[in-house]
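Here are a few exercises to work through with the model open beside you. Try each task before you read its solution.

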Amino acid sequence: MSGFLVYVARRFVQFVLVAFTGVTLAFLIVHLSPVNPVDQTVSLMTTFGATDPASVAMLRSALSELYGVNGSLAHQYIAFWSRVATGDFGPSLSAFPTPVLTVILRAIPWTIGLLTLSTLFAWTFGNVLGALAGYYRDSRLLKLAGIVVTAVQPMPTYICGLTLIILFGYTWPIFPISGGTQMNLSPGLTWSFVGSVVTHGALPALTLVLVSLGAWFNSMRSLVSNVVTEDHVVYAELAGVPSRTIFASYVARNAMLPQITGLALSLGHVFSGAVIVEFLFAYPGMGQLLIAGINAGDYSLVLGVTTISIIAVGFATFLIDIAYPLIDPRVKLG
Amino acid sequence: MFRILRDLLRSNREFLAGAVMVSAVLLLVALSFVSPYDLMATYTVPPDLPPSGEFWFGTTSRGQDVFWQITAALRNTLAFGVVVAGASRVIALVVGLVSGYAGGRIDQAIMALNDTLASLPNIPILLLVYFVMRDEMNWWLLALAASLLGWTYDSRLIRSVALTLKTREFTRHATFSGMRMPQILLREHLPYVMPIVFYTTMNNLIWAIGLEVTLSVLGFTDINRPSVGGMIYWANASSAMVAGVWWWIAFPMLCVAILFLGLFLLAMSVNEYIDPRSRLRRLRTQ
Amino acid sequence: MNQPTGLSPNVLTVEDLRVYYVLDLFGVRREVRAVDGIDMTVRRDEIYGLAGESSSGKTSLIKSLVGAIRPPMRVMSGSVRFQFGGREIDVYKEPEAMRPARWRHLSTILQGSMNVLNPVRRVKHSFTDFAGRHMGLDRAAFRRRVEAHLDRLHLPPSVLDAFPHQLSGGMRQRVCIALATVCEPEFIIADEPTTALDVLVQRDVLALLKEVQTRLGSSVVFVTHDLSVHAAISDRLGIIYAGRLIEEGTTAALFAQPQHPYTAHLIGSLPRMGDTRPRSSLVGKPPNLAAPPPGCRFHPRCPIAIDRCTRDVPPLQTSATGGRVACFRAGEVAAP
């Protein structure tokens, strides 16, 4: 048991390292750029009037305080971290005066729901299909499935989503193509609300699944083709063990292990996909927030979303990492 | 080398398909140099015309010939992808080889940095760069940022090859015979590393182009320069779908699909050809 | 152990077996003749040893015996027939009949016991998977049976709850022997079962195998390149060279009076206490099975080859010592 705790501790340190590096990178990008965020925001705000110098000066000093551009770089860095620790990113400019954290918290459940469901589904389905295709090599059906899935694999997420919008939004309008739910519904565990959430989430989820299925399918199929040649599988076949048992216990279980590691490594990529999909389908999650924030010049919001997403992705990776030794008995702990 | 290409073209259907697709795209790119219009300008032809004998792919709501726009768009997008793939290849090679050969603590430190960078989500960071730079943003800056993010996966692969090469017999023979390190690296080891570099280059190219398309579509690059994503951005901005100007969206999307599929098929088939295990697998199913 | 009286005393009959690797890639067709016309029989209650250098075709022969042939390997002609419980099964004419026979009548012990057991499951599951369906017992009774069997092989029952990587190499190989014999099969094929083990463990494993074989009265085909192991365990010995059987006979006769120059060389190269004579190695390289030499395949390296050997293939005939040998000048080599 203690070996496991040591393992968890080590992985946690790794998580902290990743989060730290990522957030520092975000900080550096923002604070080392030649563009001054205060100037930028002020110019954005004064484009449409309000050129009274006194109020501009007040705005400028308020913003400087808010954006933490006062003092030396080191000073700013420490101030920044203390703000991250308390989750205080200041008020969102585009939704003034709502604090950025509140805005983000409202969007998080949408993103987490969408991402968790679609990632788990794509991973499971892709792996099962790939394993079957790798084991039963002569099946025409599986070969066809493979071609379909592989053809979609290289497409950029946006193109995939756009295709789905055209197909299901215009040609055969089954699913709604924007929004999280219908506008006028009040949230709650009612059938109409939940149903609405599901139908609105269908196309975004489908996009994410389609885009990632190919990778899981092909990598699993290739893994299985190699595992099938390994001694223990050959031996079981020589012993006349029925092929269903061989597939489940000898092949799939062994081939799955690298895929779990692969899942952990793919989370950053998965989140990037979610940003695009949410924008495309106007899905009220963190990705949509990020892009809207960029377009509105909402500095605090953008920084907040970036920071939180980096930390969240790192944490999810950490969770998967500590689950791995529970599945692979060969991992030596401690 | 040409014998390999010939064998692949003859016997590997995927390679052939991929080669055909990519050649078609390259042809379009070449055509962009003889375009009759100035492709940065707008309203050079009547807008919103459907595909016809005169305008093969129709015209956009901004008065541009879709066909010629696509040729320039493909050229810019491809150029971006090539630059990013090349730059990140160089970084990946340097990092991977240095890490593999140095070994020990240096290797561990470099790989720790590598893995940390690899697990960060790319798009938010690139978006942040765009957001911060905004008006100063240009093509080169984006390419630089993308290259700095794209090398992490490949450097690990190269490092593992370097690690095995370091301890192989022929390396020790070379060292004993008096060859110096740079010579060894160049003459003995590079041929082993090259196939992996090729495969990762194709993958990276696909990734970089995908990145460019995505960012352009969101409107986050220089939108006056024709690019495939940019065309779709403008189409969306002008509500092309609703207005029924479907050709403005359809043709760029089709070209993107062909380009990606072609590159992907090439990468997959070459990789399968190089990997002896997969060649054996092909034998087994015959 | 009751011995059913079958139609013949042979448990295994191999007739003119030819197994080739057929490669057809990029317009070039190649046939690697791994097994090129082998006739042999294995009797009840005997240990038949197979010896030969690497790439002599012994592994391909083993695979063809158990029916583990996959493309690009193909059985070109010949037959492999087993006698199980009074019934004859032709491996390649009745492949469905082999399925229920596997493990119950025919089992294998493989080399490299490192990966032979499923690494992600405990040893007991391998027993259930391989032997459970033949025994027809409920879980508790099956477990007791397996533990009793393990006990006879001097293995503790705790082995069942371990993962393969938690056992040492010797333990694992003993578990494999237990696994292969738990159904008390009539035929066991062992492919280099002791090669990866150190000498002391090797001795124990060989003793165990002999003990089990004696008790069950099974036939064993024991494959190894190590002649000293054959001397310890095999009753009869067959020497394979380039996909063909070139000599066969009782172990004692073969060691005392080898008839074929290749056998003589193999036996002569075994170290003996007090013998300090310098050894000479065979000239040349092992033959290319895709383009083997004409006539007798050994002639390029044979110290007593004559003109005839380059043209005609020497047939496998009865030798002076009562076994079989394929050589035009059999018996003319000096005894070691």
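Two strands pair if DSSP finds at least two bridges between them. Helices (H or I, at least four residues) and strands (E, at least two) are DSSP runs, numbered from the N terminus. Keep in mind that this is a predicted model, where local features need pLDDT of at least 70, side-chain atom pairs count only at pLDDT 80 or more, and totals for chains, interfaces and linings use all residues. Residues are numbered from 1 along each chain as its sequence is written, while chains are lettered from A and ligands numbered from 1 in the order in which they are written.

**Exercise 1. Find the bridge partners of Ile189(C) in E8(C) and in strand E6 of chain C.**

Step 1: start with E8(C), where Val221(C) is the bridge partner of Ile189(C). That pair belongs to a parallel ladder of five bridges between E7(C) and strand E8 (residues 219–223) of chain C.
Step 2: now look at strand E6 (residues 106–109) of chain C, which is parallel to E7(C) and shares four bridges with it. There, Thr108(C) is the residue opposite Ile189(C).

**Exercise 2. Work out which way the residues of E7(C) point, and whether they are buried or exposed.**

Step 1: recall that side chains in a regular strand alternate between the two faces of the sheet.
Step 2: sort the residues. Phe187(C), Ile189(C) and Asp191(C) point one way, and Ile188(C) and Ala190(C) point the other way.
Step 3: check burial (buried means 20 or more other C-beta atoms within 10 Å of a residue's own, exposed means 12 or fewer, partly exposed is in between, and C-beta atoms are placed from the backbone). Five of the five residues of strand E7 (residues 187–191) of chain C are buried, so the rest of the structure largely encloses this strand.

**Exercise 3. Put the strands of the open sheet of chain C in order and say which stand at the edges.**

Step 1: the eight strands go E6-E7-E8-E3-E9-E10-E12-E11, with mixed pairing.
Step 2: E6 and strand E11 (317–318) of chain C are the edge strands, each with a single partner, so one side of each has no neighbour in the sheet.
Step 3: for an antiparallel pair, try strand E9 (residues 236–241) and strand E10 (residues 244–250) of chain C, joined by six bridges. Arg236(C) sits opposite Thr250(C) there.

**Exercise 4. Switch to chain A: what does its secondary structure come to, and how is the chain divided into domains?**

Step 1: count the elements, and you get 12 helices and zero strands.
Step 2: domain bounds come from an automatic or database domain assignment. For chain A, that gives domain 1 (1–93 + 298–334) and domain 2 (106–296), with C-alpha centres 29 Å apart.
Step 3: look between them. Contact means C-beta atoms, placed from the backbone, within 7 Å, and 14 residues of domain 1 of chain A touch 14 of domain 2 of chain A.

**Exercise 5. How many residues of chain A are in contact with chain B, and which helix of chain A gives the most?**

Step 1: on the chain A side there are 42 residues, in contact with 33 residues of chain B.
Step 2: go through the helices, and H1(A) gives the most, with eight residues.
Step 3: sort by class (Ala, Val, Leu, Ile, Met, Phe, Trp, Tyr, Cys and Pro are nonpolar, Asp, Glu, Lys and Arg charged, the others, Gly among them, polar). The chain A side then has 27 nonpolar, 14 polar and one charged residues.

Definitions and conventions
Contact = placed C-beta atoms within 7 Å.
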